[in-house]
Amino acid sequence: MKMYFLKRLLSLIPVLFIVSIVIFMIIHLTPGDPASLVLGEEATEEQIQALRANMGLDLPIVTQYFHWIGNALQGDLGTSYFMRQPVTEAIVSHLAPTISVAIIAGTISLLISIPIGILAATRRGTNTDRTVMGISLIGMSVPSFLLGLFLILLFGVKLRWLPVAGYQPITDGFLGHIKYLILPSIALGSMHAALIARMTRSSLLEVLNMNYIKTARSKGVHEYLIITRHTLRNAFLPILTVIGQTFGSLIAGAVVTETIFNIPGIGQLIINSVERRDYAVIQGVVLFVTCTYVLINLIVDLLYGVIDPRVRLNKK
Amino acid sequence: MNKKKALSYKSENGRNGMMKKFVLLIVALVVFALVGCSKDEPKEGEGSAEAEYGGTLKVAMSAQPPTLDVHLTTSSDAIDVSLNIYETLVAQNSKQQAEPVLAETVEKSDDGLTYTFKLREGVKFHNGKEMTADDVVASMNRWVEKSSRAKLLLADSTFEKQDDYTVVLKLKNAVTDVLDVMAGRGQFPAIMPAEILASAGADGVSEYIGTGPFKFTDWKQDRFIHLTKFDDYSPAEGEPDGLVGSKTVYVDDVEFHIVTDSSTRMAGVQTGEYDIALNMPFDSYEQLVNTSNLQTFSPFDKGAISLVYNKKSGIMTNPELRKSINAGIDSHSVMLAAVGNEKLFKLSPNFMSPENADWATDAGKEVYNLGDVEKAKQLLKEAGYNNEEVILYATGDYDHHYNSAVVLKEQLSKMGVNAKLEIYDWPTLLDKRNNPENWDLMVAGISYVTTPSQLLAVNPDWPGWTNDEKISTALDEIRVAATKEEAKEKWSDLQSYMLNDYVPHTQFGHYASVISATDKLEDLTIFNTALLWEVKKTK
């Protein structure tokens with residue numbers, strides 16, 4: 001188990017190395033530079049070149065890459081050209097809103113999706129099943145930004161129950177923090193809920209048709225126990241994979257939702273940095289997101305063993 | 001079989017339960033809709049209390065400024081925030097004329113080569129230090145070095161200290177537009193403490209300290225910039241007028257929130273999340289005007305949309321081709337596509353702002369907005385145009401630029417110009433347009449300036465690269481004219497020459513900015529942007 005964990009961690013190194021080269025080349029070969037954007041559109045070529053030199057952007061691209069990767073290996077991801085703060089600091093300050101949204105959206109989606117997925121599976125072919133599947137199809141089809149706009153219009157503009165945009169850190173009050181995140185979390189969570197609900201239903205149906213379930217029923221085991229003890233656990237592996245993937249995508253930053261609700265998270269950071277050609281931040285965030293994805297997948301793989309003893313990794 | 005029956009029975013029960021839930025859901029939705037449609041009635045007693053002003057003014061802006069060191073950047077977002085932090089020796093009044101702010105008096109020598117600025121005494125910086133000539137000299141000389149306009153127009157001029165409260169500007173040539181250039185809004189000459197400037201790196205100052213009515217407090221990246229009322233502020237004398245006169249602050253704090261999405265800014269100001277929203281989308285104008293709890297402004301202070309010709313390389317170096325295209329352009333159609341509302345644009349050949357009391361002129365109107373396609377075809381033929389490909393640049397990041405370019409491309413096709421429209425994001429366009437080999441035509445937004453010599457249409461360094469002996473000679477004459485009237489007359493002649501003969505740009509029209517604020521704010525003044533002094537917010 002430990003060896004497996006170590007191997008997976010070591011496998012991060014080539015992934016990060018390749019990602020770093022690709023992202024470095026792509027963003028440095030894209031036209032535009034941070035100096036022009038800092039100085040504004042009336043800056044002279046001479047002023048732009050002077051600031052470029054100050055930022056180290058006049059050096060050959062290979063030299064720039066080795067400077068950057070050398071510092072990154074020592075934990076220094078550089079300094080934002082635009083925000084004038086260390087990239088690690090920028091990532092940390094933008095991570096808190098993203099994690100908050102991810103946790104709330106994840107919780108909402110799980111609380112909705114698992115029960116309705118079970119309901120649909122146990123009432124297969126009934127109106128309940130058709131309604132759940134219909135709603136989940138709509139949930140998957142409606143983009144989160146569109147749902148977000150509807151939520152803003154209804155609960156923000158019309159009813160005035162919740163703020164339409166913005167973010168309040170948890171340190172300024174828990175209730176205020178939650179109040180700003182409810183609408184974006186619903187907008188994000190509903191799409192993921194739909195996906196997980198469908199996965200729960202299909203996975204459960206597969207297990208419900210197995211012989212050992214029929215045996216349990218013929219022995220008179222209560223339907224509740226059949227679902228919770230005998231079916232759900234065995235059906236949970238594919239559901240867990242989807243949960244892991246959706247949570248990973250939430251941590252990577254929901255770009256559009258964060259923009260609509262004006263949440264200063266990782267998604268907004270990366271989109272703003274691309275618009276500002278803030279190379280150091282783009283590189284730093286991409287590396288961070290890559291690490292996050294790999295680690296979440298690793299955690300999901302390890303949880304397989306916890307849920308299902310048949311896939312425990314130390315068994316030969 | 002029995003089991004199946006049992007399951008089937010359960011399903012029937014489930015169906016009944018489901019029906020009940022469905023009915024409840026419908027009822028809930030109807031209630032939601034009814035509540036949503038109800039009007040917001042004022043609560044009993046609301047508005048009857050004695051007004052007490054203060055609190056935090058929340059302003060939603062569309063982008064985060066790159067820096068608040070305004071000597072370095074021309075970013076309009078940086079200027080919107082910085083106007084509250086810094087002040088200048090002279091600034092614009094509401095008629096765009098220069099008047100003293102931190103200077104008490106300004107005296108011009110008889111030979112026009114020296115300007116003496118007597119400073120107001122007792123003016124404090126936000127760090128508690130009193131402003132003296134040392135700070136002014138350090139700030140102004142840095143501005144001359146860093147600002148592209150000052151570099152171009154006031155090159156080799158120096159500011160020197162005469163005594164603690166007197167600063168002298170020494171010029172190489174006796175130009176008359178010195179104060180107008182110093183009062184310009186873009187990259188303005190903010191007065192900062194000398195020691196802050198001495199410690200500044202190439203990327204700007206590390207502390208934002210000025211003498212303005214608000215002091216910089218905090219900057220949460222990508223969230224907000226927080227300013228606080230400066231209790232020791234020393235206002236200038238006189239009625240508030242544009243950026244000059246007294247500035248009384250009625251709010252305790254100002255937060256500039258970075259809200260990049262325009263629909264979010266709109267919903268935010270509608271619900272009172274923000275008090276003021278800048279840069280509202282043109283297509284929401286009518287909706288904003290008709291929203292009962294909002295006050296919406298559309299001042300014509302933003303600038304003009306123009307077609308810029310590349311006069312350094314390619315076929316547009318031929319002025320006859322530029323004249324031909326100019327003759328075929330229907331500016332009304334372009335502007336209508338750009339901003340989508342007749343109330344938000346003005347058709348005028350003015351290169352300067354039509355509101356500018358000193359310089360506005362419609363000289364050259366005979367060749368403006370002709371939309372004469374047949375004449376354009378004829379002129380193109382006479383100019384020797386042979387269906388060469390013409391590259392038209394525009395950005396897709398600004399809707400009004402993009403929409404203008406699409407209509408323009410259509411008009412060019414009708415004239416018989418083989419135009420290829422290339423759309424880029426803003427940073428890419430900034431980069432690509434610097435190479436004169438890349439393009440022939442470009443759609444650009446042109447901000448207003450205080451004197452003709454600052455116009456991008458006459459700037460030899462700005463993309464488009466105007467390079468004409470007659471223009472530079474005329475500008476020199478305007479700058480040394482004995483009187484304002486003489487200068488204006490010469491500018492009128494020059495504008496006519498530029499439109500009829502040289503054609504550096506074809507101007508489509510002037511457009512308004514759209515700014516909305518909640519109706520809870522009183523005495524909100526708009527001058528290029530929302531001015532945050534004098535405005536009152538009930539606590």
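## A tour of chain A and two sites in chain B

In this predicted model, begin by selecting the charged side chains of chain A, where the mean position of the 24 positive charges and that of the 17 negative charges lie 24 Å apart.

Keep chain A selected and switch to a cartoon view: its secondary structure comprises 14 helices and zero strands, and the C-alpha trace extends over about 85 × 60 × 35 Å along its principal axes. Of the 316 residues in this chain, 52% count as buried, while a surface view shows an exposed area of about 15000 Å², with carbon and sulfur atoms supplying 69% of it. If you draw the contacts in chain A between residues at least 6 apart in sequence, 72% of them join residues at least 24 apart.

Next, go to chain B and select Val390(B), which sits in strand β15, residues 389–395. Val390(B) has a relative accessible area of 0% and is therefore buried. Setting aside neighbours within four places in sequence, its contacts include Ile315(B), Met316(B), Tyr385(B) and Val417(B), as well as Asp440(B) and Leu441(B). A C-alpha to C-alpha distance drawn from Val390(B) to Leu412(B) reads 9.8 Å, across a separation of 22 residues in sequence.

Finally, select Pro460(B), in the loop of chain B between β17 (441–447) and α14 (469–479). Is Pro460(B) buried or partly exposed? With a relative accessible area of 40%, Pro460(B) is partly exposed, and, leaving out neighbours within four places in sequence, Pro460(B) is in contact with Trp465(B) and Thr466(B). Add Leu152(B) to the selection: although 308 residues separate Leu152(B) from Pro460(B) in sequence, their C-alpha atoms are 9.8 Å apart in space.

Note on methods:
Residues numbered from 1 in each chain as written. Chains lettered and ligands numbered in written order. Predicted model: local features only at pLDDT ≥ 70, side-chain atom pairs only at ≥ 80, totals over all residues. Heavy atoms only, no water. Helix = DSSP H or I, 4+ residues; strand = E, 2+ residues; numbered from the N terminus. Buried < 20%, exposed > 50% of the residue type's maximum accessible area, 1.4 Å probe, protein only. Contact = heavy atoms within 4.5 Å. Areas by Shrake-Rupley, 256 points an atom, 1.4 Å probe, with all protein chains shown as cover. Lys, Arg positive; Asp, Glu negative; His and termini not counted. Charge placed at Lys NZ, Arg CZ, Asp CG, Glu CD.
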